[in-house]
Amino acid sequence: MTVLRTLTLDQARRTALAAQGFADRRPAPGGATMRHVARVVDRVQVVQVDSVNVLTRSQYLPFFSRLGPYGTDLLDRARDGAGPRARTGRRLVEYWAHEASLVPPSVWPLLTFRMDAARERAWSRGVTVEHAELLDAVRRVVAEHGPLTNREVEAHLPHGAERGRENWGWNWSAVKSCLEYLFWAGEITSAGRTTSFERRYAVPEAVLPPEVVAARNAARGADPQAAVTELLRLALVAHGLGTQRCLADYFRVRGPRVAAGLAELERRGLAERVRVAGWDRPLWRDPGARSPRHVPGAALLSPFDSLVWQRERTEALWGMRYRLEIYVPAPQRVHGYYVLPFLLDERLVARVDLKSDRAAGVLRALSVHWEPGADVARGAPALQTELESMAGWLGLGRVDLAPPR
């Protein structure tokens, strides 16, 4: 019988933090380059996109958490490409990975099985059957004139822009529904976003390197097991260690292929089973993962940061039962609307409800809740420093910090 290696909870935390890039040295304030942004992308592999803008768009926050103040134009360039080499120079492309996400182009073809499944989704059958002629027209317009936003496509096809009175398709226009279907199916992709967060649609051949499109085409209709196994490997490297549920959640894969993929990674020496003291679940560890002696530093984490995506994992590693309360009625919220966990020297020590008051030029910490046992005397100055850094990065003049709770 194989005796599994046992890690302490501290070792597991440090492994997780190092894998996610929190053990890497931050550049000097304002000194981040595209190389630093690429390093974060290589670490995390997936950056969730979300439209909530009460603080800033969520995709910008994981880079601030790991790099400190950086130019968000770097991320925009990594996502949108620039100049005549935009197709080969693009470092990120948008697709449904962990919800709507930015992923390296090399990951995009690994999600072909999700593209193949698009026709099977209940809402998409309405598009392909009820709007088949419009679907073909939208496909042609994007191929001939893209990149285009939804509104720009509608301008080419005004007859398709009528909005139904029923609740079908979230009351989207028929054109928008066609675009979303084609995006999900991988027939079109994103060439980036506008400043108002509108997706700019284009055909993959205009956005992605030829070898990436070829890899996707070759994977059409194939057994997805090899792709799922590779996604699990990427998730394990990004996590450092995790349960089957943690690893499957990273790219939202499920079913019997997950267990088969982990068994294959273990067979190939790319995953090792371990135990973590106090965590009563089978775990796998990346054999190449680092476990530093210390991971010092402070960081405010987006609610959509990959470090805290999987809530069961967050509770097991840090003892924080973290829940997003955006959709909870205001009187019933415990910690606030847009709450960021505060990481300090390997521990999650507080939750901070933040809002950018752009009109007043103030970063408002509407509430601060310290975790039980947190050293507030030490944590409060560190939090103040991090909030001031964030305010400067967001172009806000000062911080308004609520009394702690």
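The expected span of a helix is 1.5 Å times one less than its number of residues. The exercises below concern a predicted model.

**Exercise 1. Helix H13**

Task: Determine how the reach of helix H13 relates to the expected value, and state which of its residues are buried.

Solution.
Step 1. Helix H13 covers residues 225–239 and has 15 residues.
Step 2. From its first C-alpha to its last, H13 reaches 21 Å, which is close to the 21 Å expected at 1.5 Å a residue.
Step 3. The buried residues of H13 are Ala227, Val228, Thr229, Leu231, Leu232, Leu234, Ala235, Leu236, Ala238 and His239.
Step 4. Just after H13 comes Gly240, with a positive phi of about 85 degrees.

**Exercise 2. Helix H1**

Task: Establish how many of the residues of helix H1 are buried, and what follows for its surroundings.

Solution.
Step 1. Buried means under 20% relative accessible area.
Step 2. In H1, the residues that count as buried are Ala12, Arg13, Arg14, Thr15, Ala16, Leu17, Ala18 and Ala19.
Step 3. Eight of the 11 residues of H1 (residues 9–19) are therefore buried, and the helix is largely enclosed by the rest of the structure.
Step 4. Gly21, just after H1, takes a positive phi of about 95 degrees.

**Exercise 3. The sheet of three strands**

Task: Describe the order of the sheet that contains S2, S3 and S4, and explain why S2 and S3 each have one side without a neighbour.

Solution.
Step 1. The sheet is open, its order is S2-S4-S3, and its pairing is antiparallel.
Step 2. Strand S2 (47–48) and strand S3 (93–97) stand at the edges; each has a single partner strand, so one side of each is left without a neighbour in the sheet.
Step 3. Two bridges connect S2 with strand S4 (residues 99–103) in the antiparallel sense.
Step 4. One residue pair can be located directly: Gln48 has Ser101 in S4 as its bridge partner.

**Exercise 4. The sheet of five strands**

Task: Trace the sheet from S10 to S14, and decide whether S13 pairs in the parallel or antiparallel sense with S12 and with S14.

Solution.
Step 1. This open sheet has the order S10-S11-S12-S13-S14 and mixed pairing.
Step 2. Its edge strands, S10 (298–300) and S14 (398–401), each pair on one side only.
Step 3. From one strand to the next, the twist averages 30 degrees.
Step 4. Strand S12 (residues 347–357) runs antiparallel to S13 and is joined to S13 by eight bridges. Asp357 has Val362 in S13 as its bridge partner.
Step 5. S12 and S13 form a hairpin with four residues between them, and in the turn Gly361 has a positive phi of about 70 degrees.
Step 6. Strand S13 (residues 362–370) pairs with S14 in the parallel sense over four bridges. In S14, Asp400 is the bridge partner of Arg364, and Leu401 is that of Ala365.
Step 7. Seven of the nine residues of S13 are buried, so this strand is largely enclosed by the rest of the structure.

**Exercise 5. Backbone features in three loops**

Task: Locate Pro147, Phe197 and Arg252, and state the backbone feature found at Pro147, Phe197 and Arg252.

Solution.
Step 1. Pro147 lies in the loop between helix H8 (132–145) and helix H9 (150–156). A cis peptide bond joins Gly146 to Pro147, with omega at about 5 degrees.
Step 2. Phe197 belongs to the loop between strand S5 (189–193) and strand S6 (199–202). Its phi is near 75 degrees, a positive value in a residue other than glycine.
Step 3. Arg252 sits in the loop between helix H14 (244–250) and helix H15 (256–267). Here too a residue other than glycine has a positive phi, near 55 degrees.
Step 4. Phe197 counts as buried at 13% relative accessibility, while Arg252, at 26%, counts as partly exposed.

**Exercise 6. Cysteines and confidence**

Task: State how many disulfides a search of the whole structure finds, and identify where the pLDDT is below 50.

Solution.
Step 1. The search finds zero disulfides.
Step 2. Cys178 is buried, at a relative accessible area of 0%; Cys246 is also buried, at 1%.
Step 3. The protein chain averages a pLDDT of 91, and 94% of the residues score at least 70.
Step 4. The pLDDT is below 50 over residues 164–171, a stretch with nine contacts in the model beyond near neighbours in sequence.
Step 5. Where pLDDT is low, the predicted coordinates should not be read in detail.

How values were computed: Residues are numbered from 1 along each chain as its sequence is written. This is a predicted model: local features need pLDDT of at least 70, side-chain atom pairs count only at pLDDT 80 or more; totals for chains, interfaces and linings use all residues. Side-chain values use heavy atoms; hydrogens and water are left out. Two strands pair if DSSP finds at least two bridges between them. pLDDT is the predictor's confidence in each residue, from 0 to 100. Contact means heavy atoms within 4.5 Å. Axes are lines fitted to C-alpha atoms, for helices over the stretch in contact, and angles run from 0 to 180 degrees between N-to-C directions. A disulfide is a pair of cysteine sulfur atoms within 2.5 Å. Buried means under 20% relative accessible area, exposed over 50%, partly exposed in between (1.4 Å probe, protein chains only).
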